[in-house]
Amino acid sequence: MSGCGRIIRGVIFDLDGVLVSTDEMHFQAWKELADREGIPFNRHDNERLKGVSRARSLDIILEKAARRYSEDQKSAMASAKNDRYRELLAVLAPRDALVGAGEMLTGLRAMGVKLAVGSSSRNAREILRRVDLLRLLDSVVDGTDVSRSKPDPEAFLLAAARLGLRPAECLVVEDAAAGIEAGIRGGFSVLGIGDPKLLTGAGRWLSGLSKSGAAELIAGW
Ligand code: B16
Ligand code: MG
């Protein structure tokens, strides 16, 4: 939503695809698992996994499986994928924050804007620590804090509550269709990061956080 004369007092950032990109690591870990099981999985399929939970990601991958898996087998597969993903995360360092992310957080903080992350990832805190952005945030809501993952607005609503703000006072910044939908359903102003054709419903779009100043980001909603 934009053009309603809202004053933005808080910004809730999605993590993966907005502040940092671990897409390639998620893809590699899922691809290795799919190959082991003989399940077709390519980069096009991978697009559907962005922003959704680990369990839902596995269900999407298993749509193309030739056999059925028990809940115990699925839980073991999700856990094996996460072990591999965490091995890959070990190389993450401050240089891996996306261009403009640190500057945007620093600029907004200097203006007194409250800052949170609302991520589906259960690894969000560790990722933020590795890229040295954790210290710039007032609150982090991750996949361990919510029972319903995006497109449900639970993560963003909890983040706003922790900032002491109403949804109408917060801007959600998201790169995935599921997250844009979550922001809209929660009553937030929503900025899309990426291709407007894939992110319908956002009030505005940017190709990345380096394309805007902090004051510009929150003005005019
Ligand atoms: P994990 P976000 C999401 O992070 C990723 O976009 C999505 O691909 C992943 O499946 C999900 O986190 C869960 O991640 O397996 O680490 O719990 O975009 O919501 O920050
Ligand atoms: Mg994302």
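**Notes on strand S4, its neighbours and the two ligand sites**

Four bridges join S4 to strand S5 (residues 189-193), and the two strands run parallel. Please keep in mind as you read that this is a predicted model. Here are the points I would look at with the structure open.

1. **The pairing with S5.** A handy place to find this pairing on screen is Val173, whose bridge partner in S5 is Leu191. To get from S4 to S5, the chain passes through helix H8 (residues 177-186), and this β-α-β crossover is right-handed.

2. **The pairing with S1.** S4 is also joined to strand S1 (residues 10-13), again by four bridges and in parallel. Here you can start from Gly10, which has Cys170 as its bridge partner in S4.

3. **How enclosed is S4?** Strand S4 (residues 170-174) is largely enclosed by the rest of the structure, because five of its five residues are buried. Cover is found on both faces: Cys170, Val172 and Glu174 are buried on one side, and Leu171 and Val173 are buried on the other. Do note that Glu174 is among these buried residues.

4. **Helix H8.** The buried residues of this helix are Ala178, Gly179, Ile180, Ala182, Gly183 and Gly186. What do they pack against? Their partners are helix H7 (154-163), S4 and S5. In an α-helix, residues three or four places apart point the same way, because there are 3.6 residues a turn. After H8 comes Gly187, with a positive phi near 85°.

5. **The magnesium ion.** Which residues supply the protein donors of ligand 2? They are Asp14 (OD), Asp16 (O) and Asp175 (OD), at 2.0 to 2.2 Å from the magnesium ion. Look at the atom labels here: Asp16 is listed with O, whereas Asp14 and Asp175 are listed with OD. Along the sequence, the spacing of the donor residues reads D-x1-D-x158-D. Both Asp14 and Asp16 are buried.

6. **Ligand 1.** There are 19 residues around this ligand, and those that come nearest are Val52, Ser119, Ser121, Arg122 and Asn123. Two of these make a good pair to inspect side by side. Arg122 places a backbone N or O atom 2.7 Å from an oxygen atom of ligand 1, so please do not look for that contact in the side chain. Asn123, on the other hand, uses a polar side-chain atom, 2.7 Å from an oxygen atom of the ligand. For Ser57, an N or O atom of the side chain is 3.4 Å from an oxygen atom of ligand 1.

Conventions
Residues numbered from 1 in each chain as written. Chains lettered and ligands numbered in written order. Predicted model: local features only at pLDDT ≥ 70, side-chain atom pairs only at ≥ 80, totals over all residues. Heavy atoms only, no water. Buried < 20%, exposed > 50% of the residue type's maximum accessible area, 1.4 Å probe, protein only. Pairing = 2+ DSSP bridges. Right-handed = clockwise from strand over helix to strand, strands pointing away. Donors = N, O, S within 2.8 Å, 3.2 Å for Na, K, Ca; no water. Contact = heavy atoms within 4.5 Å. Near = heavy atom within 4 Å. Polar contact = N/O pair within 3.5 Å; in protein donor to acceptor, adjacent residues only side chain to side chain.
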